[in-house]
Structure formats: structure tokens, C-alpha cells
Amino acid sequence: LWAAATGKGVNLKSPKKIKLGWMALWGVLPDLFAFTPVVLWMRWQLYYNGVAFSDIPRPELMSLEQRNEVFILRLSETLYHISHSFVVFLLFFFLGWMVSWFGLLQKGKANLVSDLSTGKGRDTCTPPWEMFGWCIHILMDIPTHTGLLYPTLFLWPLSDWYVDGNSWGTKWFMVINYSVLLIVFLLLGIAGNKKGRVAS
């Protein structure tokens, strides 16, 4: 939601529009990458192995040592560190930019002669700004995870340092977070309507 709000805000000011759907998708990607295997494993245990829900290991009720004894929880934590690292994000961001640039270069080869003769250059390759939804997700998780459960090692694998913050799952934080989000989206909607009226 914060990624989509950011993209919507940028679109009000920038002539180059960000695709909000992609921004939101990149915003949820870190958690999809980290937790999809464990969710699928839990569903398998419940529906195919007949394990009672109360018998499914709950990471929030386990110590780090206990979680490390369960392979799927250990895997999930490792995937979390990978997908919540600025180092990994930057690698993929620049990789995405380079792939886009090379694709444009290949596409532009057919027009090279006409570009030279007319003096018009080929399209410029802009960075994949929608991927910053991923970056926003990491920024939000740094202060909203404690050291007890999925600490956000945002410099992984260069460093294991993290902020021992307040959990996003606490009721007071969730009330504040969603209230502020509601206000932000209302303000963005008002600003968008004003801009539309001015343009028309």
C-alpha cells in the first residue's frame, strides 16, 4: 500500500508515469519470496497430512534455536534475509535496467541508419522505477521488525546488523499505519482531482 501511494504521488508530479500495479507487486515481492514456501508447506500439512492447525509450528512462539530445528522455517528466514537486503535489491535493480537497455539497443539497431540521417536519437532507457516498491518494503520493515522474529538484515550478506524495532503486528501500530494510509490516499485522490480539473 505504501509503495502504491508513493507511485501515485510521483505520478502527480512526473510526466513519466509509474505503473502502480507493478509498483504494488514489487512492494509485496519480498514477502512472497520469503513466505510462499512456508505457507505452501503449512497447507500441505493441514490438508494432505491431516496435521491439526494447533500442531503446526508457529515461528512467533518459538525461540531462534527452536526455529532453526525446523527446515522450512530456517529456509523461510534465509529467503527473508535475501529478499529484504538493499544489496540484493540494488543488484536486481541495475540488472533490470541493463536488460532493458540491451533490449532497447537491440531494438534500435534496425533504425540506426535512419537515426543518423534524421539526427533523431533512439528512445532513452529509463530505470525500472516500479522496482522501488521493493525498496520501500525494505525501508518499512527495518524499524517494524524486532530482533526476535525475522529481523531485517538490510545489508545482508555484507553485514548482519539490524534495527531492533517495534513489531508492525502490534495493535497500536496497525491502527496508526492504516489510519495514516487512509489519509494519504484521500489526499492523493483530492490532489489528483484538482490536477484533472486544472488540466481540463
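This tour goes through a predicted model one selection at a time, and says what is to be found at each stop.

**The whole chain**

Begin with the whole protein chain in a cartoon view, where the secondary structure comes to 8 helices and 0 strands, so that the order from the N terminus reads α-α-α-α-α-α-α-α. If you then switch on a surface, the accessible area comes to about 13200 Å², and 69% of that area belongs to carbon and sulfur atoms. Of the 200 residues in the chain, 29% count as buried. Among the contacts with a separation of 6 or more, 64% are made by residues 24 or more positions apart.

**Leu12 and its partners**

Next select Leu12, which has its place in helix 1, residues 2-13. Is Leu12 buried, partly exposed or exposed? Leu12 counts as partly exposed, because its relative accessibility is 23%, and the buried class ends under 20%. Add Leu188, Ala191, Gly192 and Lys195 to the selection, since these are the residues in contact with Leu12 once its neighbours within four places in sequence are left aside. A distance drawn between the C-alpha atoms of Leu12 and Leu188 should read 8.3 Å, although the two residues lie 176 residues apart along the chain.

**Along helix 2**

Now move to helix 2, residues 20-47, and compare its two ends: the helix has 28 residues, yet its end C-alpha atoms are only 36 Å apart, short of the 40 Å that a straight helix would reach at 1.5 Å a residue. Where does helix 2 bend? Centre the view on Phe35, where helix 2 bends by about 45°, and look for the proline, Pro37, that follows within four residues. Then colour Met23, Gly27, Pro30, Ala34, Val38 and Gln45, which are buried residues of helix 2; what covers the buried residues of this helix includes helix 1, helix 4 and helix 7.

**The nonpolar cores**

For the next stop, show the side chains of Phe86, Val88, Phe89, Phe93, Met131, Trp134, Cys135, Ile138, Ile142 and Phe154, the 10 residues that make up the largest nonpolar core. Helix 5 (86-108) and helix 7 (132-141) each supply at least two residues of this core, and helix 5 gives the most, with 4 residues. In soluble globular proteins, nonpolar side chains tend to be buried together. Within the core, pick Ile138 and display its surroundings: not counting residues up to four places away in sequence, Ile138 touches Ser83, His84, Ser85, Phe86, Phe89, Thr152 and Phe154. A second, separate core has 5 residues, including Val38, Met62, Ile72 and Leu73; Val38 is one of the buried residues of helix 2 seen at the previous stop.

**The salt bridges**

Finish with the charged side chains, where the structure holds 2 salt bridges. Side chains of opposite charge can pair when their charged atoms come close. Select Glu60 and Arg58, whose side chains meet in a salt bridge at 2.8 Å, N to O. Glu60 is partly exposed, with a relative accessible area of 42%, and Arg58 is likewise partly exposed, at 41%. Then select Glu77 and Arg67, whose side chains meet in a salt bridge at 3.6 Å, N to O. This pair links distant parts of the chain, with Glu77 in helix 4 (residues 71-83) and Arg67 in helix 3 (residues 64-68), 10 residues apart. Are Glu77 and Arg67 buried or exposed? Both Glu77 and Arg67 are buried.

Key: Residues are numbered from 1 along each chain as its sequence is written. This is a predicted model: local features need pLDDT of at least 70, side-chain atom pairs count only at pLDDT 80 or more; totals for chains, interfaces and linings use all residues. Side-chain values use heavy atoms; hydrogens and water are left out. Buried means under 20% relative accessible area, exposed over 50%, partly exposed in between (1.4 Å probe, protein chains only). Contact means heavy atoms within 4.5 Å. A salt bridge is a side-chain nitrogen of Lys or Arg within 4 Å of a carboxyl oxygen of Asp or Glu. A nonpolar core is a set of buried Ala, Val, Leu, Ile, Met, Phe, Trp, Tyr and Cys residues joined through side-chain atoms within 4.5 Å. Accessible areas come from the Shrake-Rupley method with a 1.4 Å probe; for residues, only the protein chains shown count as cover. The expected span of a helix is 1.5 Å times one less than its number of residues. The bend at a residue is the angle between axes fitted to the seven residues ending there and the seven starting there.
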